[in-house]
Amino acid sequence: MTDRLSEWQDKIEARVQRLVREDIRKLTAYPVPNSSGFLKLDAMENPFTWPAELQQQWQATLADVHVNRYPHPDAPEVKQGLRRVMNIDERWDILLGNGSDELIQLIAMAVAGAGQTLMAPEPSFVMYRMIAQYLQMDYVGVPLTERFEIDLENTLARIEREQPALIFLAQPNNPTGNLWGDEKLRRIIEAAPGLVVIDEAYTAFTEADYLPWLEDYPNLLIMRTLSKVGLAGLRLGILIGDPAWVNEINKLRLPYNIGNLVQATATFALDHFEVFQQQTQELVKQRAVLIEQLRALPELTVYDSEANFVLVRTAPGRAAEIHQGLKDAGVLIKKLDGSHALLNDCLRITVGSAPENNRLMSALVPLL
Ligand SMILES: Cc1ncc(COP(=O)(O)O)c(C=O)c1O
């Protein structure tokens, strides 16, 4: 039996080696730590649940969904709700994805091909690089400055040299939390020979709004998500842009990518969007409180944030220990130390509710 089993495994292994691309075999799947039982401040989720009455109304809505049927392929009610709450002009088309992760992949697939380059400032959202790798695109990460600003001269030089088909600019940027300024963004979009996507995943936590820029640039797309607003479990990403772009990218979308239950829930949530707006405004307030409290601690450099997380730098060599110390106290945050040269000693803390942030602070103080 054991011999047969090991023979079987050898056969499979031989075929995996022969059939699966070598660069894929070298990858590791996106790591998601086990968070059960922890105070979860690692993934930029909204900590608030819905008021009980709303919860009941939502469940009643779901009772009418017929899951024996395929969903509407274009989710028109969801798009209508998005147009209303995000003020999206009829002139622009909307493409929905299973999270904005799926949209990054679809956009990249549309332009991928021999020798095509995907560019992004670094450090930024890791999926830009990962998806470029999946699609065998050349990836160029242009380093931010030590203060996590765009190095405009270098970025323009790299654009000139690499002629990227696609550039992703996360605004605010993850994991640094900052905005790079309109002037620099305009210069990059104007210099870009290909498509530029401004990824506004954290739009709910900032005054910055690049949607109106669609009027100015034919090579620009805007991407958003409902994840950070309070619907991370739903998986709904939103791409907004000229129909000429959206039509092409839509051809790569698998049919029925947005299921019945997601469409019904998103439509319902968008009809009650003021609840999410109140929650995100509360998180903006809590962000200011948390930053002030963190800045009062010794040993930490605390960066400004326009998102629902705060980047901090510990004293040299202490990030892993502080991360583990918090974990031992039941608090999960993100360790960035070791992920990029500019993020040495860095940790990222998602902004929680006031009681959650107090719990974080109580666990953190004894570690410093
Ligand atoms: C900048 C940015 N874009 C996109 C995403 C992906 O969001 P989702 O796939 O949940 O819509 C994230 C998630 O952390 C992000 O930080």
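In this predicted model, the backbone oxygen of Leu-236 lies 3.4 Å from a polar atom of the Thr-225 side chain, and the backbone nitrogen of Ser-227 is found 2.9 Å from a polar atom of that side chain. Thr-225 itself belongs to strand E7, which comprises residues 220–225. Because its relative accessibility is 3%, and thus under the 20% limit, Thr-225 counts as buried. When neighbours within four places in sequence are left aside, the residues in contact with Thr-225 are Ser-100, Ala-201, Leu-236, Gly-237 and Ile-238. Val-262, by comparison, stands 37 residues from Thr-225 in sequence, with a C-alpha to C-alpha separation of 13 Å.

Thr-225 also takes part in the surroundings of the ligand, since a polar atom of its side chain lies 2.6 Å from a ligand oxygen atom. Two further polar approaches involve Asn-174, with a polar side-chain atom 2.7 Å from an oxygen atom of the ligand, and Asp-199, with an N or O atom of its side chain 2.6 Å from a ligand nitrogen atom. Of the 400 Å² of accessible area that the ligand has on its own, the protein covers 93%. The ligand is surrounded by 14 residues, the closest of which are Asp-199, Tyr-202, Thr-225, Ser-227 and Arg-235. By residue class, this shell divides into 5 nonpolar, 5 polar and 4 charged residues. Helix H5 (99–111) and helix H9 (227–231) each contribute at least two residues to the shell, and H5 gives the most, with 3 residues.

Strand E5, spanning residues 166–170, is mostly covered, 5 of its 5 residues being buried. The cover extends to both faces of E5, with Leu-166, Phe-168 and Ala-170 buried on one side and Ile-167 and Leu-169 buried on the other. E5 pairs in the parallel sense with strand E3 (residues 117–122) over 2 bridges, and in this pairing Leu-118 stands opposite Leu-166 of E5. A parallel pairing over 5 bridges is likewise found between E5 and strand E6 (residues 195–199), where Phe-168 stands opposite Val-197 of E6.

An antiparallel arrangement is found in another part of the model, where 4 strands form an open sheet in the order E9-E10-E13-E12. The edges of this sheet are strand E9 (301–302) and strand E12 (334–335), each of which pairs on one side only. E12 is joined to strand E13 (residues 346–350) by 2 bridges, the two strands running antiparallel, and Lys-334 stands opposite Arg-348 in E13. In general, the strands of a sheet pair through backbone hydrogen bonds, in either a parallel or an antiparallel manner.

A second threonine, Thr-267, is placed in helix H11, which covers residues 260–271. Thr-267 has a relative accessibility of 16% and therefore counts as buried, the limit being under 20%. A polar atom of the Thr-267 side chain lies 2.7 Å from the backbone oxygen of Gln-263. Beyond residues up to four places away in sequence, Thr-267 touches Glu-77 and Val-78.

Key
Residues are numbered from 1 along each chain as its sequence is written. This is a predicted model: local features need pLDDT of at least 70, side-chain atom pairs count only at pLDDT 80 or more; totals for chains, interfaces and linings use all residues. Side-chain values use heavy atoms; hydrogens and water are left out. Buried means under 20% relative accessible area, exposed over 50%, partly exposed in between (1.4 Å probe, protein chains only). A polar contact is a pair of N or O atoms within 3.5 Å; within protein, one must be able to donate a hydrogen and the other to accept it, and residues adjacent in sequence count only if both atoms are side-chain atoms. Contact means heavy atoms within 4.5 Å. A residue is near a molecule or strand if one of its heavy atoms lies within 4 Å of it. Accessible areas come from the Shrake-Rupley method with a 1.4 Å probe; for residues, only the protein chains shown count as cover. Ala, Val, Leu, Ile, Met, Phe, Trp, Tyr, Cys and Pro count as nonpolar, Asp, Glu, Lys and Arg as charged, and the others, Gly among them, as polar. Two strands pair if DSSP finds at least two bridges between them.
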